[in-house]
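The following note is addressed to a colleague who meets this structure for the first time. Please read it beside the sequence and the model.

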Amino acid sequence: MQDLVIFATAASAIVLEAAPFLLLGSLIGALIEVLVSEQALLRCIPKNALGQVAVGLFAGMLLPTCECGIVPVARRLLLKNVPPRTAIPYMMAAPVVNPVVIASTLFAFQGDLSIIALRLLLVLVPATALGLALGDARPADVLRQRPTDLKKYDAAEAAHLPSGHDHGPGCACGCGHHDHNKLLAILRHTAAEFLSMARFLVFGGVVAAAFKTFLPPEILAAFAGSPALAIAGLMLLAVLLSICSEADAFVAASFGSFPAMAKIAFMAVGAMVDLKLIPLFLAVFRRRVALALIAAPIVAVYAVSLALALGGVR
Amino acid sequence: MTAPATLLRILQGSLLASSGAFMAWLSRSPFYWQLLNPRYSWLTLGAGLILTLLGIIHLLHAGQKGRPTETLALTLFLALAALAILGPDAFAPPPPTYGSGYSGGSLTRTFDDETPQQPTVTVGDITYTRLNLAELLAGETGGWANENGHFAIQGAVLRTPELDRAGYIAVARLYVYCCFADAVGVVTLVAVNHPENHRPGSWVRVLGTLTPDAPFQDRSFEVTGALSTARSQHFVLDANKIEETPVEGVPFILEIRQKAPFAY
């Protein structure tokens, strides 16, 4: 019974911790949808490919958010025809490339700048690679055909994707964006988006809490022996535990017997792929894209971490 | 909209509003620290109030449909939260034998976190700096926990046969930075003359002197609620005085300060 209560406590805590950020992400998405015109959004994005990727990589410095709330924002940006090579790098990088997470990582590792530099590197490499790999893909190429749970708005929004239709004044699409009703439209969008995303948060949180509660700690010790195993072991743990990127540095710092590169890989991959994010990716993006969003960070973080560890870094 | 769909929407709106109301209540309740670091209570309160509003809007929005998995997820969350708060105490002290350390106190108790604290305690002619276990560990690199420094710490006693043989007890607490799910066990080894005199699970205050020692290899001990534990590889606390005391503040470590007065 003790384990069951600890499991319930951990699962509830994950949901309670992430819910405000998921709500914020849903609200930002709704605000973008209702108040920001497509033209205004696209004016902020450079025309060339490298510039578009760069804007995505570092947008988190202006709009800090953890991975708990990033998917609704990225999804909404894509629905506003922001190029995938900006929105996808933003989604992958912002949970780490933001001032809050940088500060918490520095604090957890007692001001060690090399740790934060390596963490940023391990996130920027796969985020950049994904952005560039997407090439000239359009939002409709990466989003699923019916990407949201906004129900009555779905058909209208899906129809808007190819044409780039904007819910401006006089729009009669039926999705609630009437001039006189913008506040209500924002609130309805936020509620629908939150409900749609929260189920993945709850189910992911339950699985993550089960691993936290029932995984024997001695299994961890078996991975600490070699860099290859240590990096793989802590990366797997990061995916399973689904710890928020604002707090994961403190957990990473506690793995005293593991090499530093394994701890950094833990912090890098957990912010991009975890049990909360995987079902969200699969629900929002086309299957091939979702699988790439899961596989690319894992492969890149492992390869770069191992190369750095074998090369004598940390 | 069909009658079942309407019922599902009403149920879903009610569950969303209930989840929001629960969060708002929790943020002001004495149970909050069991789940999340109280520094985030304003965030939970704000999110709870907004979710309550959104739930009501969802409830009244006749055009909105519910999805069964969304309803199931909200029901599951509320059930787990109820079990976490109303269930049996997961952190009750273990039987007085060897075993895992616990995280201190009983979760069904409330704790006074407003007690004025003195930064030091003087016993005899020695003044001890009061700090928590995480601050003691961080102080090794931060420069405030040096060899031969005198420190007062509190935590739960943890014993294993290996620790007994080496002449140590471990004093443990959980460090919760954001929420219980990311909790880390923090342990300080305390050199004592008679480990068997100290009851596992009891909450103690230790007055001691920081002393260099070889790394202790035993990894068998664990702190309930933590997947991993952090402890010094260079120092132990050589006990001058150990006494069982009530928990001062909350059992979990919720803050690490980098200068006196420390959080204790």
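The points below treat the basis of the model, the interface, one helix, one arginine and the cysteines.

1. Basis. This is a predicted model, in which local features need pLDDT of at least 70 and side-chain atom pairs count only at pLDDT 80 or more, while totals for chains, interfaces and linings use all residues. Residues are numbered from 1 along each chain as its sequence is written, chains are lettered from A and ligands numbered from 1 in the order in which they are written, and side-chain values use heavy atoms, with hydrogens and water left out.

2. Interface. Chain A and chain B each bring 56 residues to their contact (heavy atoms within 4.5 Å). About 4900 Å² is buried between them, and carbon and sulfur atoms give 76% of this area; buried area is the accessible area, with a 1.4 Å probe, that two parts lose on being put together, summed over both. On the side of chain A that touches chain B, α1 (2–35), α6 (99–108), α10 (182–214), α11 (217–222), α12 (227–241) and α13 (248–253) each supply at least two residues. The most comes from α1(A), with 19 residues. Helices are DSSP runs of H or I with at least four residues, and strands are runs of E with at least two, numbered from the N terminus.

3. Salt bridges across the interface. Zero are found between chain A and chain B, a salt bridge being a side-chain nitrogen of Lys or Arg within 4 Å of a carboxyl oxygen of Asp or Glu.

4. Helix α5 of chain B. In this helix (residues 133–142), the buried residues include L133(B), E135(B) and L136(B); buried means under 20% relative accessible area, exposed over 50%, and partly exposed in between (1.4 Å probe, protein chains only). Among the elements covering the buried residues of α5(B) are strands β3 (150–158) and β4 of chain B. The N-terminal end is capped by N132(B), with a side-chain oxygen 3.0 Å from the backbone nitrogen of A134(B). After the helix comes G143(B), whose phi is positive, near 95°.

5. R173(B). This residue belongs to strand β4 (residues 168–175) of chain B. R173(B) is buried without a salt bridge, and the nearest side chain of opposite charge, E135(B), is 7.4 Å away. A polar atom of the R173(B) side chain does lie 3.0 Å from the backbone oxygen of V250(B).

6. Cysteines. Why does C179(B) have no bond to C178(B)? The closest cysteine sulfur to that of C179(B) is in C178(B), and at 6.6 Å it is too far for a bond, since a disulfide is a pair of cysteine sulfur atoms within 2.5 Å. Over all chains, zero disulfides are found. C179(B) is buried, at 0% relative accessibility, whereas C44(A) is exposed, at 58% relative accessible area.

Notes:
Lys and Arg count as positive and Asp and Glu as negative; His and the chain ends are not counted. A polar contact is a pair of N or O atoms within 3.5 Å; within protein, one must be able to donate a hydrogen and the other to accept it, and residues adjacent in sequence count only if both atoms are side-chain atoms.
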